[in-house]
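Here is a walk through one protein chain, going from a backbone oddity to open and enclosed spaces and then to some buried residues. Keep the 3D view open as you read.

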Amino acid sequence: MAISDDIQRHMPSAADRDRPRGVPLDYKEAVLLVDPKEPQFRGEVDDKYQYAMDNKDNMVHGWISSDHPNPIGFWVITPSNEFKNGGPLKRELTSHTGPTSLAVFLGPHYIGKDIVVKFEQGEYWKKVLGPVFVYLNSCPPKPEKGHLWALWEDAKAQAQAEASKWPYSFPESPDFAKAHERGSVTGRLLVRDRYVSNEDMPAEKAYIGLASPGQPGSWATESKNYQFWTRAAPSGNFSIGNVREGVYNLYAWVPGFLGDYMYSSRLNIGPGCTIGTGDLVFEPPRAGPTLWEIGVPDRTAAEFYIPNPDPKYSSWLFLGKDRYRQYGLWERYAALYPEKDLVFTVGKRNHSKDWFFAHVTRKVGDRYVPTTWQIRFSLDHVVADGNYTLRIALAAAQNSSLQVQVNGGTPLATPAVEFGDGNAIARHGVRSLQWSLEFGIEGCLLLQGDNAINITQRVACSQFVGVIYDYIRLEGPPTHSV
């Protein structure tokens, strides 16, 4: 099975997942192989979620009949993601033990109920899903070493060829928009953050897309209509082509900066038209200068500490890379912190070694209990009547409720209800739906010298509830020079 250059392997059979050869683990999709037909799989976990991919990376995946005298490749190629839901970061299933290969158009995985299509009484809806391309290739009889890799390389080349043909000309349905029925949008996106630079900065590598009119970030839960995305050049210039006729908002987010951008005017795309937006300026959320930060605002927890799995649950393919794909990492927190919770001292600790990627519960006896993480930091000066801001960006959440305290005081205002339904902790993810939390802190709550902020994951109904952090930043009061 192959889903990327790095994720390729000989796979167990479907029969290995059934008792007595396999033993189900904390959920039915994850099975420990205890007596597989092929002994090299003994002790591994088989779980379809280990092979999930972001829409942006999910162009081709499939299988090779490697034991056949004349090996054959079977590939699912998706030339365009315009009809998929959730945008480029939406994570979805690919291929897994069966052998099974999927082309998922409107899946709820990693987002949950917020992305499920909802209809009003009598509402009319139509959407063209696909087409996708099923490709078969083969090797000569008795292939030499490396020919199996050649099948994968050929499949990737075919995927690029299919993408270059999009939109296809052969579909006869009038609902499938051909090239001459589509338009395009061009422009340049700049970032304005005067606490970072005195000049507007090109939004290099920004994700810029068109989706149904909504609110900033609403594209991430949009399923009914089409989406069209690109990446900005180092200059911030972008071009989005082959856009179906319709009314859209232009959305963006920029790696390295918090927040979501949405162009204030709706864009009406017609056949053959090109709309130039000119220079657009994104002002990320910011109230004052950065006093300290943990992580990188990139909508993933990949930069944080991801532990090695419990040896009894390891999958060899992910021992050296993508460790977050390993089963059971939620249990590793309690193994590392059996009694006392995580304490992170700003300036002395390294987020890649000392900040556990997921804030989860701890099992004590037969029940799960809340956990409280502490951030310790020192301030040389405090403006007693000033307003400070704590920003917490979450890459994922599952039935979460966070409580934040400063120096042991009264908890700051937090969301009143549990939030998050992406189940990314159980499904080996380092992101699902982005959540942005902002807490105002009165200067009188802070001390000159040593301070501590406690973050408690209050809900503890199972091992899978909690949050996956993206980035945390404390900002000082606004300065008059900005």
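## Backbone oddities

Asn-242 lies in strand 15. Keep in mind that this is a predicted model. The phi of Asn-242 is near 55°, a positive value in a residue other than glycine. With a relative accessible area of 32%, Asn-242 counts as partly exposed.

Arg-299 also has a positive phi, about 65°, although it is not a glycine. You'll find Arg-299 in the loop between strand 20 (290-295) and helix 2. Its relative accessible area is 8%, so Arg-299 is buried.

There are cis peptide bonds to look at too. One joins Arg-19 and Pro-20, with omega about 5°; Pro-20 sits in the segment before strand 1. Another joins Gly-130 and Pro-131, again with omega about 5°, and Pro-131 belongs to the loop between strand 9 and strand 10 (133-138).

## Pockets and a cavity

Here are the spaces side by side, with their linings by class.

| Space | Volume | Nonpolar | Polar | Charged |
|---|---|---|---|---|
| Largest pocket | about 680 Å³ | nine residues | 12 residues | four residues |
| Second largest pocket | about 590 Å³ | 11 residues | 10 residues | three residues |
| Largest cavity | about 50 Å³ | four residues | three residues | three residues |

Which residues lie nearest the centre of the largest pocket? They are Pro-79, Ser-80, Asn-81, Glu-82 and Trp-229, out of a lining of 25 residues. Helix 1 (147-164), strand 14 (228-231) and strand 15 (237-243) each put at least two residues into that lining.

Now for the second largest pocket, at about 590 Å³. The lining of the second largest pocket has 24 residues, with Met-1, His-10, Trp-63, Ile-64 and Ser-66 closest to its centre. Two or more lining residues come from each of strand 5 (60-64), strand 6 (72-77), strand 9 (100-101) and helix 1. Helix 1 therefore turns up in the linings of both the largest and the second largest pocket.

As for closed spaces, there are three cavities of 30 Å³ or more. The largest cavity is lined by Phe-257, Leu-258, Gly-259, Pro-297, Asp-298, Arg-299, Ala-393, Gln-434, Ser-436 and Asp-470. That list includes Arg-299, the buried residue with the positive phi from earlier.

## Helix 2 and its cover

Which residues of helix 2 (residues 329-336) are buried? Leu-329, Trp-330 and Tyr-333 are. They span an arc of only 125° around the axis, so they sit on the same side of helix 2. In general, an α-helix has 3.6 residues a turn, so residues three or four places apart point the same way. The cover over the buried residues of helix 2 includes strand 22 (358-360), strand 23 (362-364) and strand 25 (371-379).

## Tyr-27 and its neighbours

One of those helix residues, Trp-330, is also touched by Tyr-27. Tyr-27 sits in the loop between strand 1 (22-24) and strand 2 (31-33). Is Tyr-27 buried or exposed? With 13% relative accessibility, against a cut-off of under 20%, Tyr-27 counts as buried.

Leaving out residues up to four places away in sequence, Tyr-27 touches Asp-47, Tyr-49, Tyr-327, Trp-330, Ala-426, His-428 and Phe-464. With His-428 there's a side-chain polar contact of 3.2 Å. Ala-426 is 399 residues from Tyr-27 along the chain, but their C-alpha atoms are separated by 8.7 Å.

Phe-464, on that contact list, leads on to Ser-462. The side chain of Ser-462 reaches the backbone nitrogen of Phe-464 at 3.1 Å. Ser-462 is in the loop between strand 30 (449-457) and strand 31 (466-475), and its 18% relative accessibility makes it count as buried. Not counting residues up to four places away in sequence, Ser-462 touches Thr-361 and Tyr-368.

## Ser-400

Last stop: Ser-400, in strand 26 (residues 387-400). At 0% relative accessibility, Ser-400 counts as buried. What joins the side chains of Ser-400 and Gln-457? A polar contact of 2.7 Å does. Gln-457 is also among the residues Ser-400 touches, along with Val-417, Glu-418, Phe-419, Val-459, Gly-466 and Val-467, once residues up to four places away in sequence are left out.

Terms used. Residues numbered from 1 in each chain as written. Predicted model: local features only at pLDDT ≥ 70, side-chain atom pairs only at ≥ 80, totals over all residues. Heavy atoms only, no water. Helix = DSSP H or I, 4+ residues; strand = E, 2+ residues; numbered from the N terminus. Buried < 20%, exposed > 50% of the residue type's maximum accessible area, 1.4 Å probe, protein only. Polar contact = N/O pair within 3.5 Å; in protein donor to acceptor, adjacent residues only side chain to side chain. Contact = heavy atoms within 4.5 Å. 1 Å grid on protein atoms, 1.4 Å probe; cavity = no way out; pocket = protein on both sides within 12 Å on 5 of 7 lines; lining within 4 Å. Points joined across faces, edges and corners; volume = space filled by probe spheres on them. Nonpolar A, V, L, I, M, F, W, Y, C, P; charged D, E, K, R; others polar. Arc of directions from axis to C-beta.
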